[in-house]
Amino acid sequence: MTGRLLTSHASTFWVTCYTDASFGPSGAGWAVWARCAEGRVVRRGACPGYVTSSLEAELAAIFAGVFVACRTWGVRVGGVVVRTDCQAAIHLLTTDAVRPRTQKRWPGAMRLRAKILALVKERGIGLELRWVMGHQASNSVQAYLNRACDKLATKARKAAGAPVHPLASPEPAAAAPARRTRRRRRA
């Protein structure tokens, strides 16, 4: 599935970003692997606190991909190709009119959608969204980079769920096994 081009730009300097997210009860994390003719950048991080679903986490990863590309290569970026395994995120970003029911049900997704579209418009860059099959066993470049982003996003999610204080423990320490003591018999 390929999303339509959201904006157009005359520059030929495009960045390709692979993005993925991990969402769970302990938090959410994103990962980006971006490359262009000038090199590559790999980043990961925690999703914003308002992210409450895997769709919102995937949108946070897409935003991070576009943001990292713009931040790293600046005004030279004419467009970003985002490769993601989330078809729902692609659909939400390429749909002109989002149904009111969807807007009400997914406020975090709508917030992230607005942030992505505003960044693209503000920078005057093109955005192309392409679907990559997730969790595939092949050794293709797409599969490898999707797996790499998946692992990094999982690490970011686990770090996001880590306790704030370094001395705090995420789970109670396991109790030491009780020692058996021998009773001396009285003679």
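**Strand β1 and the nonpolar cores**

T16 stands opposite V81, a residue of strand β4. The model is a predicted one, and this pair is a convenient place to enter it. The two strands concerned, β1 and β4, run parallel and are joined by five bridges.

β1 also pairs with β2, here in the antiparallel sense and over nine bridges. One of the positions along this pairing is T19, whose bridge partner in β2 is V32. Two residues lie between β1 and β2, and the two strands form a hairpin.

How much of β1 is buried? Nine of its eleven residues are, so the strand is largely enclosed by the rest of the structure. In a regular strand, side chains alternate between the two faces of the sheet.

The next step is the packing around these strands. The largest nonpolar core contains 43 residues, and those with the most contacts inside it are V15, L59, V66, W73, V80 and L127. Two or more residues of this core come from each of β1 (14–24), β2 (27–36), α1 (54–73), β4 (79–84), α2 (87–94), α4 (107–123) and β5 (126–131). Helix α1 gives the largest share, 13 residues.

V80 shows the packing at the level of a single residue. Leaving aside residues up to four places away in sequence, V80 touches W14, V15 and C17, V66 and A69, and also I125, G126, L127 and E128. Apart from the largest core there is a second, separate one of seven residues, with A31, V132, C149 and A153 among them.

Notes:
Residues numbered from 1 in each chain as written. Predicted model: local features only at pLDDT ≥ 70, side-chain atom pairs only at ≥ 80, totals over all residues. Heavy atoms only, no water. Core = buried A, V, L, I, M, F, W, Y, C linked by side-chain atoms within 4.5 Å. Buried < 20%, exposed > 50% of the residue type's maximum accessible area, 1.4 Å probe, protein only. Helix = DSSP H or I, 4+ residues; strand = E, 2+ residues; numbered from the N terminus. Contact = heavy atoms within 4.5 Å. Pairing = 2+ DSSP bridges.
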